[in-house]
Structures are given as C-alpha cells and as structure tokens.
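Visitor: I'm new to reading protein models, and the labels puzzle me. Could you walk me through one and explain how each label is earned?

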Amino acid sequence: MTYQHVLRRLIPSETNDPEQVMWRYRCPNPTCPCRDPESHKHFYLDTEEGMGYCFRCRKGMSLVRFLALTLNVSREYAQFYAYGDRELVLQASGGIEENRRRGRLSREEGIIPGMQLPQYIRSAVGHPYLKKRGIGDKLAQEKGLCYCERGDFAHRIIVPLILEGGKVVGFSGRSTRDSTPKNLYPTGFPKRRVVYNEPALTGDWAVLVEGELGDAFSVMRVTPFVGALYGNRIHALQAMRLAQRGIRRIWWMIDGKEDPLPGATTLSMMGFEVRIVEVPPALDPGAMSPLEVQRALNSARLFALRRLE
C-alpha cells in the first residue's frame, strides 16, 4: 500500500519523485529547527510504510501524526485523510488481525512482530560452507547460524535477524548448493525496517554493507561494528533505528559493481557523516580477505555533499 496519492493531494510538492519511496518535507515538530523556511528539509517519510523520521530533531512519527501537525487538524481528521473509510481499507489490506501482525495498528510505532525460524534446522557450526567463507565456529555460534535440512529452506544456511533482548523478527536462507535465488526470505520479512546485527552496533559509528552472510560476516573478521541493509540502499526506518542507537558516522561499503554515491548522498542528507569505502569493481566485501577489508576501511574517503538548494 502506498500513501503517495494522499500526500500529493494534501501536501503538493514538486521535488518529490513518484519513483522514490522516501519523500522529504520540513519537520512538523513545533520545536524542530527544520521548520525554519531557510533550513533544508530533514524529515523523511516512507510512503509505503507510512512512517517518517526527522534527522535534525531526531523525532519519528506516523503518517497520521505528520498529517495532523502539518495540516493543523485533529488526529481523527488526519486518520480519515490517510485511510478514508478505515474499515474498508483494513478489509482490503488483509483485515484487522493481519494489519496488527504487520504492526500497522500498533501505537508503538517501532514495534516489529516476531517470527518463527523454519523447522528441521540444526546448528551450522562447523558446516563446510561456513568454513569455505572463513566464518569461524565461535562467530557462527554467536550469531545463531543454523542449517535447514528440508522444507522450503532446504540446504540453506539460516541467518536469524535478532534484535535487542534476543527477539527474532526474521531470517534469511543462503543457498549452499548454488541454487536460485541465492538468498531466500520468508513472507512478511521486515526487509526495509531493520538492520542486520543491530545489537552489536554500540558505538557512534558503523560499517554498512548490503548482505549479511557474505558481506557483513566478512567485515566482522575485522570489526564487530557492521550492519547489513538487505540491499544497496538505506530506507528511512533503517536510518531511524541507526540514529536512535546514537550512530552518527557511517562507513559506506557496498559491492564494487554498484555506484556508492546515491546511498552516500541519502545518508549525508539525513545528517550522518559518511565515508565511502572503495571496493574493487569485480568484488564485493564478502570476497575480500581481512587484510583487504582493513586496508579499504583505513583508506575510506570522507564524502562531502554538494547542496543544490
């Protein structure tokens, strides 16, 4: 479900691209410096999730609250603007229980529902596939890696997505037999809402990579402060979670065949200090040795955003 039609109708903007999921606005929080007309727009709204976050005042809010503050209307009116006939919208999108499971009806905006790991799994410690990728037994056990023997995720390494307190909110299955797709995700996986390895990001900086089992585990041999985005771009809710953990500096390390500038630009506009880590064109971080990763991190160049507005 997308809310772009609602936003175009109520808050017209010539700068937001319909092809983009994240749209930028001035923060409606009354105490935010972003409300100054001379200030840049620091509030990012995910038009599919209906969640936004300001990287200036570090406040998050739902689409309903954003509309209520921006349009100066009551919450009830904002709900009607956002959803129309609420019961019809809920029915069309899976019903109340399905929406509650997805977290759409939760008053605690950051809640992500838990998820069960697949059946027929055993510990992957000592598995030849992990040995081949240089992932030691201690790290495999620490991250809870499993091997699925049969079922939908048969012959795959299961990488649990674990948040603070040990709550499992998702998992991925990495093929050990070169089958497609290489990475398999269950239905309802919160791909754009979380960052892999969040509990380990305890400082004010982090290395961000695309994939978990390949890229993140390769960098973990050098530093534990690495998170995976499940893709080559960062979404507003992922950035919000990083900011809430106190992270201010990002080492941006994506596959060598990808252009790092779009992601670096997005992170910089969100208020992070960004360093671009050079990865050889034919490689991804998962194919680099610990020495190569260390050298690449040490030589990362500071990204300077050229503001055009």
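Guide: Happy to. Let's start with tyrosine 120, which sits in the loop between α5 (95–101) and β5. Keep in mind that this is a predicted model.

Visitor: What makes tyrosine 120 partly exposed?

Guide: Its relative accessible area is 40%. Buried means under 20% and exposed means over 50%. Tyrosine 120 at 40% falls in between, so the label is partly exposed. Its backbone has a positive phi of about 60° too, although tyrosine 120 is not a glycine.

Visitor: And why is aspartate 178 called exposed?

Guide: Here the relative accessible area is 77%. The cut-off for exposed is over 50%, so aspartate 178 earns that label. Aspartate 178 is found in the loop between β8 and β9, and has a positive phi of about 60° without being a glycine.

Visitor: What else is in that loop between β8 and β9?

Guide: Proline 181 has its place there, with β8 covering 168–175. A cis peptide bond links threonine 180 to proline 181, with omega at about -5°.

Visitor: What label does glycine 144 get, and why?

Guide: Glycine 144 has 27% relative accessibility. Since buried needs under 20% and exposed needs over 50%, glycine 144 counts as partly exposed. You'll find it in the loop between α7 (137–142) and β6.

Visitor: How do you know what glycine 144 touches?

Guide: Contact means heavy atoms within 4.5 Å. Not counting residues up to four places away in sequence, glycine 144 touches Ile158 and Pro160. As for valine 159, its C-alpha is 7.1 Å from that of glycine 144, with their positions 15 residues apart in sequence.

Visitor: What about glycine 246: how is its label reached?

Guide: Glycine 246 has 27% relative accessibility, so it counts as partly exposed. It lies in the loop between α9 (236–244) and β12 (249–252). Setting aside neighbours within four places in sequence, glycine 246 is in contact with Gly203 and Asp204. The C-alpha atoms of glycine 246 and leucine 201 are 9.1 Å apart, while the two residues are 45 apart along the chain.

Visitor: Why is helix α8 called mostly covered?

Guide: Count its buried residues: in α8, residues 212–220, nine of nine are buried. Among them are Leu213, Phe217 and Met220. Buried means under 20% relative accessible area, so each of those nine residues falls below that cut-off. In helix α2 (residues 63–71), the buried ones include Leu63, Phe66 and Leu67. Just after α2 comes asparagine 72, with a positive phi near 60°.

Visitor: On to strands. What makes β3 and β4 a pair?

Guide: Pairing takes at least two bridges. Strand β3 (residues 51–54) and strand β4 (residues 59–62) have four, in the antiparallel sense, so they qualify. Glycine 52 stands opposite methionine 61 in β4. The two strands form a hairpin with four residues between them, and arginine 58 in the turn has a positive phi of about 60°.

Visitor: Why are β11 and β14 called edges?

Guide: Their open sheet has five strands in the order β11-β10-β12-β13-β14, with mixed pairing. β11 (226–228) and β14 (301–302) each have a single partner strand, so one side of each is left without a neighbour in the sheet. Further in, β12 and β13 (residues 273–276) run parallel, joined by four bridges.

Visitor: Which strands are the edges of the antiparallel sheet?

Guide: That open sheet runs β5-β6-β7-β8-β9, and the edge strands are β5 (121–123) and β9 (183–184), each pairing on one side only. Three bridges join β5 to β6 (residues 146–148), and arginine 122 stands opposite tyrosine 147 in β6.

Visitor: Last one: how do you know there is empty space inside?

Guide: Rolling a probe the size of a water molecule over the atoms shows where empty space is left. The structure holds two cavities of 30 Å³ or more. The second largest has about 40 Å³ of space, so it clears that 30 Å³ mark. Its lining includes Arg133, Leu213 and Phe217, and the lining residues divide into three nonpolar, three polar and two charged.

Terms used
Residues are numbered from 1 along each chain as its sequence is written. This is a predicted model: local features need pLDDT of at least 70, side-chain atom pairs count only at pLDDT 80 or more; totals for chains, interfaces and linings use all residues. Side-chain values use heavy atoms; hydrogens and water are left out. On a 1 Å grid over the protein atoms alone, a cavity is a set of points where a 1.4 Å probe fits but cannot get out, and a pocket is an open set with protein on both sides within 12 Å along at least five of seven lines; lining residues have an atom within 4 Å of a point. Ala, Val, Leu, Ile, Met, Phe, Trp, Tyr, Cys and Pro count as nonpolar, Asp, Glu, Lys and Arg as charged, and the others, Gly among them, as polar. Buried means under 20% relative accessible area, exposed over 50%, partly exposed in between (1.4 Å probe, protein chains only).
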